[in-house]
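Here's a quick briefing to read alongside the coordinates. Take a look at the fold first, then work through the points below.

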Amino acid sequence: MTSNTAAVSLPDLLALIEEIWGYRQLRPLQQQAMEAVLAKRDSVVVMPTGGGKSLCYQAPAIHLARCGRGPTVVVSPLIALMKDQVDSLRTLGVAAAQMDSSLTPDQRRQTASDLRSGQLDMLFVSPEKLVGQQSGGGSLDGGAFVQLLRDSGVQTFAIDEAHCVSHWGHDFRPEYRRLSNLKMLFPGCSIHAFTATATEPVRADIAQQLQLDDPVRLVGNFDRPNLIYRVLPRKDMMAQIQEVLDLHKDEAGIIYCLRRRDVDDIVAALNIRNKSGGPKALGYHAGMTAEIRRKVQEEFAREQCDLIVATIAFGMGIDRSNIRFVLHTGMPKSIEAYQQETGRAGRDGLEAECVLLYSGQDVMTWKSLIENSAAEAKFAGTPISADYVPTALRHLDDLDRFARGAVCRHKALVEYFGQRYVPPAHDSETAPGTDLSCQACDHCLGDTEPVADALVIAQKILSTVARTDQRFGVGHILAILRGENTEKIRQLKHDQLSVHGLLKDHAKADLRNFVYQLVGQGVLTQENMILQQGRSAPILKLNHASVDVMKGRRQVRLIQLVQKSAEESSKSRSKEVSWQGVDHALFDSLRAMRKQIAAQRGVPPYVILSDATLRELARVRPTTLNALRLIYGIGDAKLKSLGDTIIPLRGR
Ligand code: ADP
Ligand code: ZN
C-alpha cells in the first residue's frame with residue numbers, strides 16, 4: 001500500500017505526530033488508516049467515539065501538504081465541530097481553516113487566498129458548501145468553490161460522521177447524500193470516510209453512496225474499556241442522582257432524561273441544592289430557544305458549567321473530552337442510542353462512569369410513544385415505512401434485555417455490535433484469557449450477586465401467573481405474592497389462593513425486577529392486551545419454557561444488588577490506576593490555569609490541554625522544558641506557548 005506514494009516511511013509520520021501532538025504511540029488501526037490516506041486508496045474507517053479518528057486524516061494531511069500534494073478537505077456536519085477542530089489544530093501550530101456560513105466575507109476572501117497560495121494544510125467545510133444545495137453540478141456558489149479547490153490542488157477528502165450519507169444510519173442528512181458527486185467533480189481524488197456507526201449495512205451503503213473505488217475497510221474494536229457501565233433499577237431517582245454526583249465532585253457530567261418536564265424538574269431540584277454548595281446545573285432540551293441552547297453548550301464546553309441535564313437533543317457537537325459521567329434517568333430507545341450517548345463520556349481515554357437507571361415503566365412509555373407516533377402519522381397521511389413500528393420495538397426490546405441481563409455489560413455491548421469480547425489484560429495473577437471479567441461493569445465489579453433460591457422464586461412467580469389464568473400484569477401478580485389485602489384481591493378471591501403471601505419477605509421492587517429478569521430469559525412472556533376504549537396493558541403469560549421451569553427441568557438465574565457503602569461502590573480498578581501518584585492539588589491548579597488560558601484565547605479548555613495531560617503533569621511534575629516535552633500530549637507548539645506557564649506550577 002505504500003508503493004506509489006512519495007517517500008513516506010512510517011517512522012517519518014510517527015516523528016511528525018510526536019512533534020506536533022506529543023503522542024508516542026498509535027492506537028489500533030490508526031496506522032492502517034493513515035497508510036490508506038497516504039496511498040490515495042479510498043477507505044471506510046469505523047472506530048468508536050474517542051478512538052482517535054481525527055488523527056487518521058489530520059497527520060497524513062500535514063504530511064501530504066508538506067510534500068506538495070495539496071491540502072486535505074475535511075467534510076464535517078456541524079459548524080461547532082469544525083470550529084473546535086480548527087481551534088485545536090491552530091493551538092498545535094497547524095495551518096487549518098474552515099469555510100462555512102459563519103464566516104464574514106472578509107474571512108472568506110482571506111481563506112480563499114490562503115488556499116490558493118498553498119498556505120493551508122487542511123480546510124474544513126460543510127457538505128452543502130462543498131457540493132452545493134441544489135441537484136445537478138452544484139449551485140453557482142458551489143461551482144465556484146469546486147473550481148477554487150481544484151485550483152488549489154486538492155486531491156484528498158476526509159468525510160467525518162460519514163454515516164450521515166446513509167438512510168440506514170441513525171442520522172441521515174440529505175446534504176451528505178450529494179457527496180456522491182465528489183468522485184465526478186474531482187477525478188482521481190481519494191475519499192476517506194470515518195464513522196463510529198458499527199452496522200454492516202451502513203458501512204456498505206457509505207462505500208456505495210460515495211462511489212468509493214475498492215476501499216480499504218477498517219473496523220475497530222467497539223469496546224470502550226475506560227467506561228464503567230452500571231445499570232440500576234430506578235427507585236428513588238433524586239437520591240440516586242445525588243449518589244452519582246457525590247462520586248463525581250467537581251467533575252463534568254451529563255444527566256439524560258426522557259422528557260423535557262423531567263429536565264426542568266431535576267434542574268430545579270439540583271439548583272436548590274446548589275445554594276447549599278452543590279454543583280450548578282443547566283438544562284437543555286428542544287423546547288428552549290436556539291439562543292439559550294447555544295449558550296448552554298458554550299458554558300459547558302468552556303467549563304463554566306460542569307453539569308448538564310438534558311434530553312437526547314444534547315449531544316452532537318459536544319466535543320468536551322473530560323466528561324466523567326453520563327447518567328441516564330430513563331431508558332434510551334435502543335442499544336445504538338445508549339452506546340452513542342454513553343460514548344460521550346471519557347473521550348480522553350480516562351475512566352468515566354455510565355449509569356443507567358432502569359425501569360420497566362420506561363419500556364411501556366416508549367412502546368406507547370412509538371405506537372402513538374405511528375398512529376398519528378397514519379392519521380395525518382404522512383407516509384411511514386411499514387417496518388417502522390416493528391423495527392423500533394425490536395430496538396427497544398434489545399435494550400430492555402441488555403438492561404435486565406445478567407452478563408458482563410462490556411461483553412453484551414460488544415457482541416451486540418457483532419464482535420467478540422476480549423477483556424483487557426489485568427495485572428492479576430490469573431492466566432491470560434481465564435479472567436473474563438471486564439473490571440468495569442456492575443456485574444464484574446460485584447455490584448450484583450446471584451440469588452441463591454432463584455429457581456424456587458421463579459416457580460412461585462410462574463405458578464401465580466398460572467393460578468390466575470394468565471390474565472394479569474406484574475403489579476397484581478406481585479400484590480398476590482406479597483400477600484396484600486386490596487379491594488381487587490378480595491373481589492377476585494385471590495387472597496384464597498395458596499400462593500397468596502408466598503413471597504411476602506421480598507421487597508416489591510426486587511420482585512418486580514425478578515419478573516423482568518424472567519421475561520428477559522424467555523421463561524415468561526409479557527404481552528400487550530387490548531382493553532376497553534382502545535387502551536392496552538401488559539399481561540404476563542406462560543410459554544413452553546415456563547413449564548420446564550415449573551417442573552424443575554430448567555435452571556434460571558436471578559441477580560440482585562449487593563448492598564454496599566457509597567465508598568465501596570465508588571472504587572474501581574481503573575480509577576485507582578489513572579489517579580495513581582497524581583498530586584490532586586496540583587491537578588486542580590493546572591486545571592484552573594488551563595481555564596484561564598482558554599478564556600484568554602477564546603477557545604474551550606480541552607483544546608489547550610487534555611485531562612490526561614494534566615494528570616500526567618501532576619504525576620511527573622516536570623521542572624525543566626526538556627522534561628515537559630516528554631509528557632503525553634505536549635508537542636513542540638505547546639511546549640513553546642505553555643512551557644513558561646506550566647513549569648512554575650510544580651506542586652508544593
Ligand atoms: P473520535 O473522533 O474517534 O471520537 P478523537 O479523534 O476526537 O476521537 O480522539 C479522541 C482523543 O484521543 C483526542 O483527545 C485525541 O487527541 C486523542 N488521541 C488520538 N490518537 C491518539 C494517540 N495515538 N495517542 C494518544 N492520544 C490520542
Ligand atoms: Zn463486566
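With angles of 103 to 117° among its four donor atoms, the zinc ion (ligand 2) has a tetrahedral site. Keep in mind that this is a predicted model. The notes below start with the metal, then move on to the domains and a parallel sheet.

**Zinc site**
- Four SG atoms coordinate the zinc ion (ligand 2), from C408, C438, C441 and C444, at 2.3 to 2.4 Å.
- Along the chain, the donors are spaced as C-x29-C-x2-C-x2-C.
- Two of these cysteines, C438 and C441, are buried.

**Domains**
- The domain assignment splits the chain into domain 1 (4–219), domain 2 (227–360 + 401–445), domain 3 (450–561) and domain 4 (581–649).
- Between the C-alpha centres of domain 1 and domain 3 there are 56 Å.

**The sheet**
- Seven strands make up an open sheet with parallel pairing, ordered β3-β4-β2-β5-β6-β1-β7.
- At the edges sit β3 (96–99) and β7, each pairing on one side only.
- On average, neighbouring strands are turned by 15° against each other, ignoring direction.

**Strand β7 up close**
- Strand β1 (residues 43–46) runs parallel to β7 and is joined to it by four bridges.
- S43 has V216 as its bridge partner in β7, and V46 has V219.
- In β7 (residues 216–219), V216 and L218 point to one face and are buried, while R217 and V219 point to the other and are not.

**Helices across the sheet**
- Helix α2 (residues 30–38) lies across β1, β5 (156–159), β6 (190–195) and β7, at about 160° to β7.
- Helix α5 (residues 105–116) lies across β3 and β4 (122–125), at about 130° to β3.

Conventions:
Residues are numbered from 1 along each chain as its sequence is written. Chains are lettered from A and ligands numbered from 1 in the order in which they are written. This is a predicted model: local features need pLDDT of at least 70, side-chain atom pairs count only at pLDDT 80 or more; totals for chains, interfaces and linings use all residues. Side-chain values use heavy atoms; hydrogens and water are left out. Buried means under 20% relative accessible area, exposed over 50%, partly exposed in between (1.4 Å probe, protein chains only). Helices (H or I, at least four residues) and strands (E, at least two) are DSSP runs, numbered from the N terminus. Two strands pair if DSSP finds at least two bridges between them. Donors are N, O and S atoms within 2.8 Å of the metal (3.2 Å for Na, K and Ca); water is not among the atoms, so sites may look incomplete. Four donors count as tetrahedral if all angles lie between 85 and 135 degrees; four count as square planar and six as octahedral if opposite donors are over 155 degrees apart and all others between 65 and 115; anything else is irregular. Domain bounds come from an automatic or database domain assignment. Axes are lines fitted to C-alpha atoms, for helices over the stretch in contact, and angles run from 0 to 180 degrees between N-to-C directions. Contact means heavy atoms within 4.5 Å.
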